[in-house]
Amino acid sequence: MSNEDLAHDFSPMIKVYKDGRVERLMGTERVPPSTHPENGVQSKDVVISQEPAISARIYIPKTSTHSPQTKLPLLIYFHGGGFCIESSSSPAYHSYVNTLVSEANVVAVSVDYRLVPEHPLPAAYDDSWAAIKWVASHFDGNGSEDWLNRFADFQRVFFAGDSAGANITHNMAVKLGCERLVGVKLVGIVLVHPYFWGTEPVGAELTTPAATKEYMAAVWRFACPSTSGSDDPLLNPAKDPKLGKLGCEKVLVCVAEKDGLKDRGWHYSEILKKSGWNGAVEVIEAKGEGHVFHLFNPICDNAVALKKKIVSFLN
């Protein structure tokens, strides 16, 4: 099939052809849940909803089975991938969440939301909120999932995600701040290389190549065909009148020096401070690194330092 038959080309992530065929160029590999042979973290997959199809991978650290009376912080994780690739069972995400669970000693729920283009936004947001509400239904110990009933402390809840998953994380925290959930206290959120954008350039975006800017904006239009554009509050928090209602006490924003989205992360912290929100926000920058470098090279010094910072934030 020739390039003329392409409707959308977002290499290296995805291509969509005019006949409707979808070709995912990465992020399609899957690994099963397991008991990790080295750190003893256990994981299993659960169905949250049959229709729409929403699932999650739940993790518990080895310590939980040794001291079941001790409740542990609960991390809800949203994977990245431009809303169109990857899953909670992708090898990189399975390995990453495994490590966070082991080192931070937390319970984790990694959400598998529906992907675009088969399920355009707001499907991923709707699925993520449904997953959060399902998790919250366990706050009194009477939910359907035993691990959450037994091990999770619903007064110490955190959301985290990278790239598009960080965008979801932010939007879920705003929604929680506006709507609240009985029995759940969201302590903090972690935004790793968040996918935010806007029509007005911020920071060094004045010198960003036009093709890069168009790519950032086009991915959003592809993911959310009903959008008003790059200043949609879901993509540009500066345009969201509800920003000051962010439903947590603290925020950690992680950016990377060579990431085209870096300045959006810094800008987010600035607008959050001016929004009327009265929590604490911190930004850390990894020098010499690109977008989601920690997933591609998890044992490099900067990835280890990033992980240590997140682990500290969760405790």
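Two strands count as paired when DSSP finds at least two bridges between them. That rule frames strand 9 and strand 10 in this predicted model. Strand 9 covers residues 186-192 and strand 10 covers residues 250-256; the two run parallel and are joined by 5 bridges. One of these pairings puts Lys 250 of strand 10 as the bridge partner of Gly 188.

Now step back to the whole sheet. It is open, has 8 strands and follows the order 4-5-7-6-8-9-10-11 with mixed pairing. Its edges are strand 4 and strand 11 (280-286). Each has a single partner strand, so one side of each lacks a neighbour in the sheet. On average, neighbouring strands are turned by 20° against each other, direction ignored.

Start at the strand 4 edge. Strand 4 (residues 42-49) pairs with strand 5 in the antiparallel sense over 7 bridges. A hairpin of 4 residues links strand 4 to strand 5. Within this pairing, Val 46 stands opposite Ala 56 of strand 5. Strand 5 also runs antiparallel to strand 7 (residues 107-112), with 5 bridges between them. Here Ala 56 faces Val 111 of strand 7. Strand 5 spans residues 54-60 and is mostly covered, with 6 of its 7 residues buried.

Helix 3 lies across this part of the sheet. Its listed partners are strand 4, strand 5, strand 6 (72-78), strand 7 and strand 8 (152-162). Against strand 6, helix 3 runs at about 165°. Upstream of helix 3, a cis peptide bond joins Leu 121 and Pro 122, with omega about 20°. Pro 122 sits in the loop between strand 7 and helix 3.

Turn to the packing. The largest nonpolar core has 76 residues. Phe 83, Leu 148, Phe 159, Ile 189, Leu 246, Val 251 and Tyr 268 touch the most other members. Helix 3 (residues 123-136) supplies the largest share of this core, 8 residues. Another core lies apart from it, with 31 residues, among them Leu 75, Val 101, Val 292 and Cys 300.

Phe 83 deserves a closer look. Phe 83 is found in the loop between strand 6 and helix 2 (91-104). Its relative accessibility is 0%, and buried means under 20%, so Phe 83 counts as buried. Beyond its sequence neighbours within four places, its contacts include Leu 115, Leu 121, Ala 124, Tyr 125, Tyr 195 and Trp 220. The backbone of Phe 83 has a positive phi of about 70°, although the residue is not a glycine. Most residues other than glycine have a negative phi.

His 193 is another case. Its phi is near 50°, again a positive value in a residue other than glycine. His 193 lies in the loop between strand 9 and helix 6. With 2% relative accessibility, His 193 counts as buried.

His 193 leads to an annotated position. The unreviewed UniProt entry places an "active site" at Ser 163. Ser 163 belongs to the loop between strand 8 and helix 5 (164-179). Is Ser 163 buried or exposed? Its relative accessible area is 9%, so Ser 163 is buried. Leaving aside neighbours within four places in sequence, Ser 163 contacts Gly 80, Val 192, His 193, Pro 194, Tyr 195, His 291 and Val 292. The same kind of record, an unreviewed UniProt entry, assigns residues 75-294 to the feature "domain: Alpha/beta hydrolase fold-3". This span is 35% helix and 19% strand, and its end C-alpha atoms lie 18 Å apart.

Next comes helix 7 (residues 262-273). Its 12 residues reach 18 Å from the first C-alpha to the last, close to the 16 Å expected at 1.5 Å a residue. Its buried residues include Asp 263, Arg 264, Tyr 268, Ile 271 and Leu 272. The buried residues of helix 7 pack against helix 5, strand 9, strand 10 and strand 11.

Finally, go back to the N-terminal strands. Here 3 strands form an open antiparallel sheet in the order 1-2-3. Strand 1 (6-10) and strand 3 (22-24) are at the edges, each with a single partner strand, so one side of each is left without a neighbour. The twist averages 10° from one strand to the next. Strand 1 and strand 2 (residues 14-17) run antiparallel through 4 bridges. One bridge partners His 8 with Val 16 of strand 2. In the loop between these strands lies Pro 12. A cis peptide bond joins Ser 11 to Pro 12, with omega about 10°. Helix 6 (residues 210-223) lies across strand 1 and strand 2, at about 125° to strand 1.

Conventions. Residues are numbered from 1 along each chain as its sequence is written. This is a predicted model: local features need pLDDT of at least 70, side-chain atom pairs count only at pLDDT 80 or more; totals for chains, interfaces and linings use all residues. Side-chain values use heavy atoms; hydrogens and water are left out. A nonpolar core is a set of buried Ala, Val, Leu, Ile, Met, Phe, Trp, Tyr and Cys residues joined through side-chain atoms within 4.5 Å. Buried means under 20% relative accessible area, exposed over 50%, partly exposed in between (1.4 Å probe, protein chains only). Contact means heavy atoms within 4.5 Å. UniProt positions are given in the numbering used here, feature names are shortened, and annotations may be inferred rather than shown by experiment. Axes are lines fitted to C-alpha atoms, for helices over the stretch in contact, and angles run from 0 to 180 degrees between N-to-C directions. The expected span of a helix is 1.5 Å times one less than its number of residues.
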